Amino acid sequence: MNPLEQAGIPVEEQFRSWSDLNVTPFDKDAVHPYTRTRVILMNGIEVESILFSHQFSRHTDDIDLKRALALSRRVEAQQQKAVNGLNPGDQTPLETTIGYEQVAVDLTAWLARHEPDPMLKQALDFALLEDFDHLYRYANLYELIDGKDAAALTDHLTEITPGRPTVLEHRHPHDEVRGHFESHTVDPLSRMHVMTIVAAEQQTMNFYMNHGTDWIEPIARGLYAEIALIEEQHVTHYESLLDPLDTWLRNWVFHEYNEVYLYWSMLQNEEDRRIARLWELNLDMEIGQLHAACEMLRRYEGVEPAELLPRELPATPVTFEPNKDYVREVLAAQTSLTADGLAYVDFLELPADHRSERYRSIVNAGGAPSELVIDENRARNGRDYRDETEGDHPVKALRQPVAASRR
Ligand SMILES: [Fe+2]
Ligand SMILES: [Fe+2]
Ligand SMILES: [Fe+2]
Ligand SMILES: [Fe+2]
């Protein structure tokens, strides 16, 4: 389908009432884990659309453009409420967090599997192993402080076991900046992959920035602070892949187009019919918002949007599905990778006085909460928490210590 040829809902007709926005949440015990991940992803996409629009507005002096942005942004803000409102109040922030990291694992792995550009695929694989490790650390925190089993949330669709250990993920900021794709040559699918993962990581960063203080337990507060800093790294890592030379107006069009693609994708896979209707409504709204952005692009840059956008949406919807074999392949091959400037290198290649080694020695002085949570859970239960559905860990050094391996 070509969204440029669809009518959608005109932006002026998109306002909804408070009762429309105050949606009934899903049942946290009955919801499919991938419905939860779709809600988390699309909330992050809406938050990015709002923040992008605010930044754009602060960088233009044109009153008509500011008004057009304000109009679209208001309905984006309404969409964000209707999507995020699906999360139930009895789902604790830690349970939501486990959902966030399940998003990060299965979204990143899916994007990497479908990414045509090897440079971008490598960037996705690299951070995949880090979010994969976060899921394991939070699952151990969940068992330690709530006495609960994270697999009841992930439903064994995503394995839970160590990735690149979080304590080793801390790198100097200069080792987090990557080279970018070129807007004129990039595959439109690649651009959307990067925009999607930037929004998802940014939302995770924001969530941990705000929820790290929901806890009394120092171990929980410490773990959120530590992983929040990795999400800051991930946003830096992924946003540096975008071509910074695209204009604000083009970026606006690309944002709306990506929202169209993603709501269309969510709709293809949603089994909850009530929530599918929300994806469908939002899809029609995004088509209307895309037309509004395209109109501004024509007026201010004299560019025909069809010249920038693909003729049709990608044939394959972005899909939440198990990626266990893929994640295991990447674990086996890339757990020992780190970054040195623009290059990915093995940890063994880093000199002892490398800036990232010095950075780690500062932040990890006195111990890392991501290690402490495992030590404490092992001390309590005689083993750490794992959900290895496909057998032993592919990296020998990361297997359960022998004395602790009987569960
Ligand atoms: Fe939106
Ligand atoms: Fe993460
Ligand atoms: Fe992340
Ligand atoms: Fe939008």
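Here is a short chat about an iron site, two buried residues and a nonpolar core in this predicted model.

The model is predicted, so local features need pLDDT of at least 70 and side-chain atom pairs pLDDT 80 or more, while totals for chains, interfaces and linings use all residues. Residues are numbered from 1 along each chain as its sequence is written, chains are lettered from A and ligands numbered from 1 in the order written, and side-chain values use heavy atoms, without hydrogens and water.

Reader: What is the geometry of the site of the iron ion (ligand 1)?

Author: E46 gives two OE atoms, joined by E76 (OE), Q79 (OE1), E259 (OE) and E286 (OE), at 2.0 to 2.3 Å. Donors here are N, O and S atoms within 2.8 Å of the metal (3.2 Å for Na, K and Ca), and water is not among the atoms, so sites may look incomplete. Six donors count as octahedral if opposite ones are over 155 degrees apart and all others between 65 and 115. With angles of 57 to 170° among the six donor atoms, this site is irregular.

Reader: Which iron ion does E76 bridge to the iron ion (ligand 1)?

Author: E76 links two iron ions that lie 3.2 Å apart. The partner is the iron ion (ligand 4).

Reader: How many residues apart in sequence are the parts that Q79 and E286 tie together?

Author: Q79 sits in helix α3 (residues 63–84) and E286 in helix α11 (residues 273–301); helices are DSSP runs of H or I, at least four residues, numbered from the N terminus. The pair therefore joins parts separated by 207 residues.

Reader: Is E95 buried or exposed?

Author: E95 belongs to helix α4 (residues 93–114), and its side chain reaches the backbone nitrogen of T92 at 2.9 Å. Buried means under 20% relative accessible area, exposed over 50%, partly exposed in between (1.4 Å probe, protein chains only). At 2% relative accessible area, E95 is buried.

Reader: What separates the C-alpha atoms of V39 and Q80?

Author: V39 is in helix α2 (residues 33–57) and is buried, at 0% relative accessibility. V39 and Q80 are 41 residues apart along the chain, yet their C-alpha atoms are separated by 10.0 Å.

Reader: Which helix gives the most to the largest nonpolar core?

Author: A nonpolar core is a set of buried Ala, Val, Leu, Ile, Met, Phe, Trp, Tyr and Cys residues joined through side-chain atoms within 4.5 Å. The largest has 102 residues, and M42, L107, Y138, L141 and W252 touch the most other members. The top contributor, with 14 residues, is helix α5 (residues 118–146).

Definitions and conventions. Helix = DSSP H or I, 4+ residues; strand = E, 2+ residues; numbered from the N terminus. Polar contact = N/O pair within 3.5 Å; in protein donor to acceptor, adjacent residues only side chain to side chain. Tetrahedral: all angles 85-135°; square planar, octahedral: opposite > 155°, others 65-115°.
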